[in-house]
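Student: I should like to examine how the chains of this assembly are related and how they meet. May we begin with the model itself?

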Amino acid sequence: MTELTQTLNKTMGLLKGLDQKDPLAIGQELHRFAGELYPICRSITGNGIRQTLVMIQKRIPLQTFEVPTGTAVFDWTVPKEWNIRDAYIKGPGGKKIVDFQKCNLHVLNYSTPVRATMPLSALKPHLFTIPEKPDWIPYRTSYYKEDWGFCLSHNQMLALQDGEYEVCIDSTLDQGHLTYGEYFLPGRSNDEVLISCHACHPSLANDNLSGLTVATFLAQLLSEKDCHYSYRFLFLPGTIGPITWLARNRDTARSIRHGLVLTCIGDKGQFHYKKSRQGNAEIDRIVSHLLRHLWESSEILEFSPYGYDERQYCSPGFNLPVGCLMRSVWGTFPEYHTSADDLNFIQPKQLAESLSLCAAIVDVLEQNRRYRNLNPFCEPQLGRRNLYRSTGGGAIEAEINARLWVLNLSDGEHSLLDIAERSGHSFSLINEAAQILREGGLLEIVPETGKETTRPQEESKAAHSCRD
Amino acid sequence: MTELTQTLNKTMGLLKGLDQKDPLAIGQELHRFAGELYPICRSITGNGIRQTLVMIQKRIPLQTFEVPTGTAVFDWTVPKEWNIRDAYIKGPGGKKIVDFQKCNLHVLNYSTPVRATMPLSALKPHLFTIPEKPDWIPYRTSYYKEDWGFCLSHNQMLALQDGEYEVCIDSTLDQGHLTYGEYFLPGRSNDEVLISCHACHPSLANDNLSGLTVATFLAQLLSEKDCHYSYRFLFLPGTIGPITWLARNRDTARSIRHGLVLTCIGDKGQFHYKKSRQGNAEIDRIVSHLLRHLWESSEILEFSPYGYDERQYCSPGFNLPVGCLMRSVWGTFPEYHTSADDLNFIQPKQLAESLSLCAAIVDVLEQNRRYRNLNPFCEPQLGRRNLYRSTGGGAIEAEINARLWVLNLSDGEHSLLDIAERSGHSFSLINEAAQILREGGLLEIVPETGKETTRPQEESKAAHSCRD
Amino acid sequence: MTELTQTLNKTMGLLKGLDQKDPLAIGQELHRFAGELYPICRSITGNGIRQTLVMIQKRIPLQTFEVPTGTAVFDWTVPKEWNIRDAYIKGPGGKKIVDFQKCNLHVLNYSTPVRATMPLSALKPHLFTIPEKPDWIPYRTSYYKEDWGFCLSHNQMLALQDGEYEVCIDSTLDQGHLTYGEYFLPGRSNDEVLISCHACHPSLANDNLSGLTVATFLAQLLSEKDCHYSYRFLFLPGTIGPITWLARNRDTARSIRHGLVLTCIGDKGQFHYKKSRQGNAEIDRIVSHLLRHLWESSEILEFSPYGYDERQYCSPGFNLPVGCLMRSVWGTFPEYHTSADDLNFIQPKQLAESLSLCAAIVDVLEQNRRYRNLNPFCEPQLGRRNLYRSTGGGAIEAEINARLWVLNLSDGEHSLLDIAERSGHSFSLINEAAQILREGGLLEIVPETGKETTRPQEESKAAHSCRD
């Protein structure tokens, strides 16, 4: 990992704050933050998500939005708000045998209120277990169909004796609001990068406290920089959240040039990146390039319309270039949507790596420009500029080779990523070569035209430039 | 095979007549029809092909055309008409040792008349055998060079004793006509689908009674439907037949949007499809898709200018999207052009499968439309329409997944075949999803523009619509 | 090899002079010429390259150019001219232990003059050896940084005793000229084919006497023909040579339609072809096609901006379709840039093969035209023209198949190379078919438009036509 970290650090011209820190310490800080968020009983509406956003606000100046129940959002309607104070099952002996206070997964999320006494046979249809994993509690929801229920381990259910059970779900399902958080970081350009993660799952760590914490830390790092792009971070309930945001921000959505959904990025699995519907968007090429160069094994998945919130961003009316970054793919690991997706399932090292990868992605986004060779006829004489041979060594040779590639392909058409892909060199090596050649007066940057608009000077932030 | 048949049946929305029958019974009926046609001594002109067309007319209202000898057709000329009553060789003992009445392959097809007595040494240059298959009689022709000859088994030839042989070929080669049959089924559109098969081979079953019978039955099935496309079936002599038809129908040929040459589709070999010269025509993609999804093994062959009548349809002046469907490829199996290509070499099961595949091809052609998602912004809420989750099970999951794909790619640009190919689902699953979504008011059909013209209402047939 | 030679000979419609000779004899003649050039101490300027060009002038009417020191050529400046009369090191005993007269590699190429006596310790920093190959003398240069030095075997250096050494380099580095040779063969068209090779290396055989000799002989062969293209041969110092030529011939460079850099083509390695920056230029496709069809093993390398003089021709301002033909790739074989790259390292057989390949490339360039089928509707009746079936045999079958391909794809769009690639046949078979069909009145040549201009008749040469 040392080598990887070094390579990563090298690429992070922008994220110097991260460069200078101990990756393990960052990982532990990420994990600690996940630990603070873990106990909260979140759902797609209600106080759980509100409380979560408040805790994120301690780190980044998140703006929160409350959208009333009943609001029409495209083909959907904002549902009633759900809140819960307590829930339990008391056995025939009067003892609490299932207790929401011990684990919020015990309640079928969005359960309607219930207070009743019933025989085991009447209770059983309301109990959910995982026979294949008899010690784990499943996570189940019923957002759009009113119902109530309890989730418990299969072994616990098998041990239930006949008799009368007292059932209590002290919840409310009423007119209220859907809550989401948004953090907008203006850059020099109006073109936007979207980072989106769902914040609706209760005590589940990988899905998606991992996404929430990494997104929060990434936002913190970016907030210290003066960037080319504007960045927009969204923390919202799954499905209904992005639908609501998109319905309220149709114009803004048109400025999104690149985007990532972050989910399940804290476990020990290798990275997986699911491409956007466009399939060859710049974000798709960037993440593929970095995974290929920085990790020994990773997997690029073709787009499919089933998944997390990229489903909405990639719907045909929007068709935004938004991919989904994961470690293990949701739905494919046994711990998914069970009590085993706990704080031990995510690890500091993996969280830190995910943050580093996100930082590297941002770096490439910020640095991927087109240049023009100012001496396009034959090679410029690098030797007299001290940019050619040195006393040898493999690494330096690659650096010189990278300079030749940048000069050869910088005809105003090829981006640095194009050059990296054609040459087989890493983006960071190519970018380094471009900066040296530019400093040497051999390259000029090609102004971007058409696709981006520039934000008026006064709005942009001071500090160090990401790009210059 | 049960599974295959089920899958096939599923796809055959149009060909309900076929759906409801027992495949083995259909196969036996096909084989029986081949058996009726088998004894006739066909050639590229003459009474054999006339008699064949009359027997096909008992099943479909085929129109026949007679083109006079000497008619110029592009670079060719319609040849003299050939007919034969009898032919034999009598040995030194006066006994018939080769007898046309027993097998019409015994005569070199298009032999000029002959009555002579000659020693074995003079006869031998006129005898054709297959040394590698000493019990089989070869099939040989001499259409464009006047000659006479006999075909016999190699063993029989080896057994010939020296002596005088009496040779008789009671044939005529005179001014006459070239005969072909055409069956045109008007659809709602003037755009045409061509099904072409050569009808000039004498007692050879796979090449091409298999093509003749399957084409005839397909025409019967289609005649009961109201189709989008117009269908044109041609039964004609090889090479000179399509050249003659194309020369007489240059304008009509411009309406052919898709086409298939059917040959050698009754034996036990796996399916082979040879692509059109265009290489990525809709017919090429459809047949490739179906073979990949419906058969465990099959092979797609690139276009080459050598072959059967696709040679003419795919000549550069026409460049029609016409491929060639085969089981074993002509010229590659030992029975090809020998007496071993008999009624045992083709089987009811294989004939029925070939008919089913043709039916499935027609179904995809008829159903492959583009749709537009009427809720393109974010996903529509399938749950409240009862189109999303059900109580589980793999098959249903695939159906829902297919719905998501159809909604996601139905932007008016992608056809259902495009969606099937990108999603990896079968066309039938994608089409089913599209129909359900359309019934649910979530999709509309995109009107086809430009490439097709619509036939005036009164010309089209009533009955049930293929497409609606 | 006999088969290869036969195939090659077949393709060489133009180069009949080569066809009729014994390949080994040609190889020996090439090797003899290399042997004559071998002893000369060449450098990027000076009398060594002048003397080399004079010897080439005995075979082809090369024009030489002298460009004064100090001339600005794009980002570079023509350097001072270097000449050397003698150089040696005398040991403590007064005996010459390193002697330029025995091997000109002993002197660091471009060494400044030196006459001095010094202890071993002072001499050592000026000595270059190859520790891994202790018996070989390395080849080193210092063109653009003034320095002096000696190259010797590692074993010889290890044997040096302490003591005083007398050092003499009797060289001059003064105002003078850069010399290069150019041979222009006008064709019927102003469109040009460039053959370029560097002529600056001293006693090194593969790099690049192999290129010089093959280019010279190719020019000789072409000078006897009347060609479609104009051919331009350049013999120049590496890097600064093509930069100088391009700076002085910017307009002419625009006429270069195809080009090859020839280097390291005399050793026993398999052929390697490095594609041009364009990557799919006609020259790239032609060389790839020929290597695939004519040699059992060879390798096509993607373009990279590091290499020999294709670096300059493929700089983005020119982006000429110039590839680089090699046997072993420079820099990858141990003998590269050492005294082991001597006359034994190149062989008559390999030199002759390289010349044959170059001839075959020229043949395809000259013959690769587009034709139009004059009977595009259906196939023409080849049989009545005696162009169809013959008495059989595999080779003839392929010839007929090639005719069908040419007829099918000759729609005015596909070149013969396109047809060869799609059909899988060799270019020579396809070209042969085209010529037969053309003679039969079935094809016409498509006039080339736009991309080429025709040279006024009187300028072109008489003799036999390459193309007609």
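Student: By what turn and what shift can chain A be laid on chain C?

Tutor: The model is predicted, with local features requiring pLDDT of at least 70, side-chain atom pairs pLDDT 80 or more, and totals for chains, interfaces and linings using all residues. Residues are numbered from 1 along each chain as its sequence is written, chains are lettered from A in the order in which they are written, and side-chain values use heavy atoms, without hydrogens and water. A turn of 120° with a shift of 0.1 Å along the axis lays chain A on chain C, at an RMSD of 0.1 Å; the superposition is by least squares on C-alpha atoms of residues with pLDDT of at least 70 in both copies.

Student: What is this relation called?

Tutor: It is that of a three-fold axis.

Student: What makes D411(B) and R277(A) a salt bridge?

Tutor: The term requires a side-chain nitrogen of Lys or Arg within 4 Å of a carboxyl oxygen of Asp or Glu. The closest N and O atoms of D411(B) and R277(A) are 3.1 Å apart, so the pair meets the definition. The rule finds 4 salt bridges across the interface of chain B and chain A.

Student: How much area do chain B and chain A bury between them?

Tutor: About 1900 Å², 49% of it on carbon and sulfur atoms; buried area is the accessible area (1.4 Å probe) lost by two parts on being put together, summed over both. F377(B), C378(B) and E379(B) supply 36% of the area that chain B buries against chain A, more than any other three residues.
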